[in-house]
Amino acid sequence: MHLDIPTLTLVSLLMGIGASIGFTSLMAVLNTQRVLRIWVASIWINTLGITLIGLRNHIPDLVSIVVGNGLLVTGNILALKGIAQHLALPMRWRWPCSLAAVYTGAIAWFAFASPNLGARLLAGSLQAMAFNFAYAYLLLRYSEPDIRKSCRIAGAVLVTNGLFYLARVFTPLDPTSSQDLMMAGLPVAATYVVGILTTLASYFALLQLITERLVVDLRRAARTDGLTGLLNRSAIVAEGRASLERCLERGQPFALLIFDLDHFKQINDRWGHDAGDAVLRHVTEMMRKAIQWPRYLASRYGGEEFVVALPGATLVQGLEAAERLRLALAHSHARVGDQTIPVTASIGVASARHGTRFEHLVRQADQAMYRTKFDGRNGVSFAGDRDSRLVEAGDSRC
Ligand SMILES: Nc1nc2c(ncn2[C@@H]2O[C@H](COP(=O)(O)OP(=O)(O)OP(=O)(O)O)[C@@H](O)[C@H]2O)c(=O)[nH]1
């Protein structure tokens, strides 16, 4: 078997086609991962570029050399866009597009105006190195903590790729190669072997990025209420318990408020369910502005019932936050299309003592909230000793 450049080009091409098909079928399954579309396009475009370059002796040089290399660099720009999107960064197109234009111009110049295979290989290595270092820089510099592991692994792979292309800059050409890349000699062929391995490693790095993002998205979805983006009931119970425990261990106070929208059924009946949903989103927005407490936990606990935990807050601070929230809601109207819908809430506040369990605290606040409903709604009540005694005794209303 001869590992000459035409054979290695064929191997790269087959690998590119295999990866393109594999990533395309993955995209069909994971259609929520929009970034996959960009990476799939990038891999197909790169594969097409490699195909044209590999067909050097069978198609016009203009198509093989200039269009082929133009496609390679276009694929690289798309890969960069995909990485920026994965990291939720805005993409600045000017630099990569300028680099691509300069690169394609240089390739055309060294193919036709002043033919020089060494210069074309040098330009190819430099642009691939620049893109690999750019991908790695973004991944290592801007990854969020929950997807950091895959970003670090991918970053390391891409730095290795970049170093490989840097080393390729110094690879000597076979003097008999004339202008034909397919006859560039053993050292260049050796770089093809390494290139195939590093490309394969990059595909696996991409898969890791996608997998970790998927796990994070699923974990987030499992603890989030789809309508409001707040924590859901099981998440506030789990996170509230842990937060309460930490506060009690440190001897810090912990307040909790629960609020229920007043006559929400009438809103649904009068303006429709979609308007009701819009009101729930409006309430969420107002609540986020009104609470003003560091590291608070907020959840939609039930249909139109919300729980907010304030770690480190005393009962008085909890009542102040509740009153801010009540006023914010009462003074704002939810806008739905051209309708304005008034909304008020009944709020109950409770605070933890030594040994209080999170579920008990919720029930105490709930008792207080029902008192507010009973007293005419649109108000704030707090749980007293009687509420905590009732809750701890397992009163049926709890
Ligand atoms: N639009 C919308 N409505 C919901 C959602 N979840 C629950 N609801 C509605 O919320 C309403 C709650 O009604 P009730 O429990 O009678 O409470 P209320 O009308 O607010 O009355 P009070 O609490 O006594 O002031 C019901 O009509 C539910 O259908 C939701 O996600 N979206």
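Good morning. I shall begin with one residue, Ser 299: it is buried, with a relative accessible area of 1%. Please bear in mind that the structure before you is a predicted model. The cut-off for calling a residue buried is under 20% relative accessible area, so Ser 299, at 1%, falls within that class.

Where does this residue sit? Ser 299 belongs to strand S2, which covers residues 297-300. If we set aside neighbours within four places in sequence, Ser 299 contacts Leu 230, Leu 231, Asn 232, Ile 236, Glu 305, Phe 306 and Val 307.

Let us now turn to the sheet. Five strands form an open sheet in the order S2-S3-S1-S6-S7, and the pairing is mixed. S2 and strand S7 (380-382) are the edge strands, each pairing on one side only. On average, neighbouring strands of this sheet are turned by 15° against each other, direction ignored. As general background, strands of a sheet pair through backbone hydrogen bonds, either parallel or antiparallel.

Within this sheet, strand S1 (residues 254-261) and strand S3 (residues 305-311) run antiparallel and are joined by 7 bridges. To take one position, Phe 254 has Pro 311 in S3 as its bridge partner.

Finally, the helices. Helix H8, residues 233-249, lies across S1, S2 and S3, and its direction is at about 155° to S2. Ile 236, one of the contacts of Ser 299, falls within the residue range of H8. Helix H12, residues 358-374, lies across S1, S3, strand S6 (345-351) and S7, running at about 140° to S6.

Thank you for your attention.

Terms used: Residues numbered from 1 in each chain as written. Predicted model: local features only at pLDDT ≥ 70, side-chain atom pairs only at ≥ 80, totals over all residues. Heavy atoms only, no water. Helix = DSSP H or I, 4+ residues; strand = E, 2+ residues; numbered from the N terminus. Buried < 20%, exposed > 50% of the residue type's maximum accessible area, 1.4 Å probe, protein only. Contact = heavy atoms within 4.5 Å. Pairing = 2+ DSSP bridges. Axes fitted to C-alpha atoms, helices over the stretch in contact; angles between N-to-C directions.
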